[in-house]
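Here's a quick briefing to read alongside the coordinates. Have a look at the fold, then work through the notes by topic.

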Amino acid sequence: MDEALKENIMGALEQVIDPEIGIDIVNLGLVYDLDLDEEGCLTVTMTLTAMGCPLAGILVDQVQMAVQDIPEVKDTHVNIVWNPPWTKDRISRYAKIALGIN
């Protein structure tokens, strides 16, 4: 996948807001990897801020909806992983400012 397409997908994913925190999943550092195969199947490898998050299903649905209008993406699979574990170190500078974290 070229860099422009990756940026386009990440931009779309910035529209997916973690409902508990109020910041998007990209700036929270929840998106670990993107892979687009030759058939247009996008795999989004991501994590959640906590295991057993009751909103996991909602976030998966929102990820799929966020990228559905990108012409190169024909299908989307969301792979939730727990390793490496998410930490506050993954939060972007923008999100740290919004959350009041130093």
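What do the buried residues of α1 pack against? Keep in mind that this is a predicted model. The answer is two strands and a helix: β1 (31–36), β2 (41–46) and α2 (56–67).

**Helix α1**
- Helix α1 covers residues 3–13, and its buried residues are Leu 5, Ile 9, Ala 12 and Leu 13.
- Look down the axis of α1 and these buried residues fall within an arc of 100°, so they line one face of the helix.
- Flip to the face turned away from that buried side and you'll find the exposed residues Glu 3, Ala 4 and Glu 7.
- At the N-terminal end, Asp 2 acts as the cap of α1, with a side-chain oxygen 3.3 Å from the backbone nitrogen of Ala 4.

**Thr 76 in β3**
- Thr 76 sits in strand β3.
- Its relative accessible area is 11%, which is under the 20% cut-off, so Thr 76 counts as buried.
- Leaving out residues up to four places away in sequence, Thr 76 touches Leu 42, Val 44, Gln 64 and Val 67.

**A cis peptide bond**
- One to check in your setup files: the peptide bond from Asn 83 to Pro 84 is cis, and its omega is near 5°.
- Pro 84 belongs to the loop between β3 (75–80) and α3 (93–99).

Definitions and conventions
Residues are numbered from 1 along each chain as its sequence is written. This is a predicted model: local features need pLDDT of at least 70, side-chain atom pairs count only at pLDDT 80 or more; totals for chains, interfaces and linings use all residues. Side-chain values use heavy atoms; hydrogens and water are left out. Helices (H or I, at least four residues) and strands (E, at least two) are DSSP runs, numbered from the N terminus. Buried means under 20% relative accessible area, exposed over 50%, partly exposed in between (1.4 Å probe, protein chains only). The arc is that of the directions from the helix axis to the C-beta atoms. Contact means heavy atoms within 4.5 Å. A polar contact is a pair of N or O atoms within 3.5 Å; within protein, one must be able to donate a hydrogen and the other to accept it, and residues adjacent in sequence count only if both atoms are side-chain atoms.
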